[in-house]
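User: I would like to learn how to read a protein model, feature by feature. Please give me the general idea each time and then the case at hand.

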Amino acid sequence: AAATAGATAAAAAAPDWRCRATRAARSAEAPAPPAVEWVIEPKRELNYAELHNHRPLFDRFELRNPVAGSAPRVHLVVELHGGPEPARYESELALREPRLNLQKRIQVPLTATLLRQAGEAMLSTLFVQLRVEGHTVLTDTHPLRLLPVDQWRDNASSGKWLPSFVLPRDPAVERVVSAAQRYVRVIRDDPSAGFEGYQSAVPEREDTLDNVDLQVEAIWATLLHEWQLGYINPPPSYSAQLDSQRLRTPSMIHATRVGTCIDLALLFAACLELVDIYPVIFLLDGHALPGYWRHSAYQTAFRAAGGPQAEPGTDDERLSADTARVQRAPWWTIDHDAVCKLIRAGQLAPLETVRLTEHCGFREARQAGVEALREKADFDSILDIATARAHQVTPLPIVGDRS
């Protein structure tokens, strides 16, 4: 009985010791962290093409230090959940400024397979953790929607990334150019002819520029006679916004032998880029078609004459439609008169690639392209692929199987 009573007494005393230990630990805690404030506004939807082109994950991400002369150490973790391979950003810094904008600095790697192969929109999360002088002051998880990798948003802030959907290294494009070798020999009546781009062309010498046209015609003939293409409406995007469209890769077009106007424009532009003839994409009201510079010197002169243009800043989503339209990227031009002048001068050649689905010849397609661009009210813009590449707007890594 005495032993039982002793054990009971010891057990009753134990909580008192634990309470005292807890209070002692609390009294030994480090002082409260310095006052740091933050404004964090994550995006609700993420488009892979925008991430690929270094656009921010957040509409706003700002840290504020209200204490002048202090420099608290801040540790930041941002993680985008995209399957078993999380895309993570981590940084440690001294917050010396009153305000620090991290919106552009926060970039995550895009090596996760799921991010590059998402066929449909997915619900995911964006994790943010903020520690100040060793103290966790913020841990939050934000829901977001990951859009399919092949979805393009045709609006003032995202439309400029269309050149990333021109995929010259898609295996189907390589097969087109390989098959076109025999067409270029026949069309140029030269058994040794091949795709040489602008190497033998001289500006203002029409006979040499004709050789560029004949190379383009060989690609047209290959697609016309060997692919037997048909027209189809775009796949559903399931987006509340009317500015989104799912785009087919060249391999997808080859597998199904169908495409929309913009699918066919991107396919032809990719073929031109692979043989080093500079392509463009014309965007009209509800329509798209490709074109090409008949000499690289014409593209260089046009780019130089345009001068530096302001690229939209990180706040371009909040700009009015008119303002955002003026602030085009350097490779995105809205000057219809200038474009038509280049076409009349024989420097820029449009092609109506929908005519591939109607079994039309190359010259008819060129004339149809000119006709499509006559109405200024229908014209939206022209995207110059070579200029976009010079600004690191590179193709998306979504090419098909090379087997």
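User: In which order do the five strands of the open sheet stand?

Analyst: Before reading, note that this is a predicted model. To read a sheet, list its strands from one side to the other. Here the order is β15-β17-β13-β14-β16, and the pairing is antiparallel. β15 and β16 (348-350) are the edge strands; each has a single partner strand, so one side of each lacks a neighbour in the sheet.

User: How many bridges join β13 and β14?

Analyst: Strand β14 covers residues 287-293, and six bridges link β14 with β13 in the antiparallel sense. One pair to look up is phenylalanine 282, whose bridge partner in β14 is leucine 289.

User: Which helices pack on this sheet?

Analyst: One is α7, which touches β13 and β14. The direction of α7 makes about 15° with that of β14. Another is helix α10 (residues 336-344), in touch with β13, β14, β16 and β17. Its direction makes about 100° with that of β16.

User: Which strands are joined to β17, and by how many bridges?

Analyst: Strand β13 (residues 279-284) is joined to β17 by five bridges. Strand β15 (residues 332-333) is joined to β17 by two bridges. Both pairings run antiparallel. Leucine 383 in β17 is a useful place to look: isoleucine 281 stands opposite leucine 383, and so does tryptophan 332.

User: Is β17 mostly covered or mostly open?

Analyst: To judge cover, count the buried residues of the strand. Strand β17 (residues 379-384) is mostly covered, with five of its six residues buried.

User: What does the sheet of three strands look like?

Analyst: It is an open sheet with the order β1-β3-β6 and antiparallel pairing. β1 (37-42) and β6 (99-101) are the edge strands, each pairing on one side only. On average, neighbouring strands in this sheet are turned by 20° against each other, direction ignored. Strand β3 (residues 58-64) is joined to β6 by three bridges, and leucine 63 has leucine 100 in β6 as its bridge partner.

User: Where do the side chains of a strand point?

Analyst: In a regular strand, side chains alternate between the two faces of the sheet.

User: How many residues does the largest nonpolar core have?

Analyst: The general idea is that nonpolar side chains tend to be buried together in soluble globular proteins. In this model the largest nonpolar core has 103 residues, and Phe61, Val78 and Leu162 have the most contacts inside it. Leaving aside neighbours within four places in sequence, phenylalanine 61 is in contact with ten residues' worth of listed partners, including Val39, Ile40, Leu76, Val78, Leu100 and Val128.

User: Is serine 158 buried or exposed?

Analyst: The cut-off for buried is under 20% relative accessible area. Serine 158 has 5% relative accessibility and therefore counts as buried. This residue lies in the loop between β9 (151-153) and α4 (171-187). The side chain of serine 158 makes a polar contact with the side chain of glutamate 50, at 2.4 Å. With neighbours within four places in sequence left out, serine 158 is in contact with Glu50, Trp152 and Arg153.

User: How far apart are leucine 274 and valine 177 in sequence and in space?

Analyst: Position in sequence and position in space are read separately. Leucine 274 and valine 177 are 97 residues apart in sequence and 7.9 Å apart in space, C-alpha to C-alpha. Leucine 274 is in helix α7 (residues 261-274) and counts as partly exposed, at 31% relative accessibility. Among the contacts of leucine 274 beyond four places in sequence are Pro168, Val173 and Val177.

User: Which residues other than glycine have a positive phi?

Analyst: Glutamate 204 is one of them, with phi near 75°. It is in the loop between α4 and α5 (206-227) and counts as exposed because its relative accessibility is 64%. Aspartate 276 is another, with phi near 65°. Aspartate 276 lies in the loop between α7 and β13 and is partly exposed at 45% relative accessibility.

User: How many helices and strands are there in the protein?

Analyst: There are 12 helices and 17 strands. Of the 403 residues, 49% are buried.

Note on methods
Residues numbered from 1 in each chain as written. Predicted model: local features only at pLDDT ≥ 70, side-chain atom pairs only at ≥ 80, totals over all residues. Heavy atoms only, no water. Helix = DSSP H or I, 4+ residues; strand = E, 2+ residues; numbered from the N terminus. Buried < 20%, exposed > 50% of the residue type's maximum accessible area, 1.4 Å probe, protein only. Polar contact = N/O pair within 3.5 Å; in protein donor to acceptor, adjacent residues only side chain to side chain. Contact = heavy atoms within 4.5 Å. Pairing = 2+ DSSP bridges. Axes fitted to C-alpha atoms, helices over the stretch in contact; angles between N-to-C directions. Core = buried A, V, L, I, M, F, W, Y, C linked by side-chain atoms within 4.5 Å.
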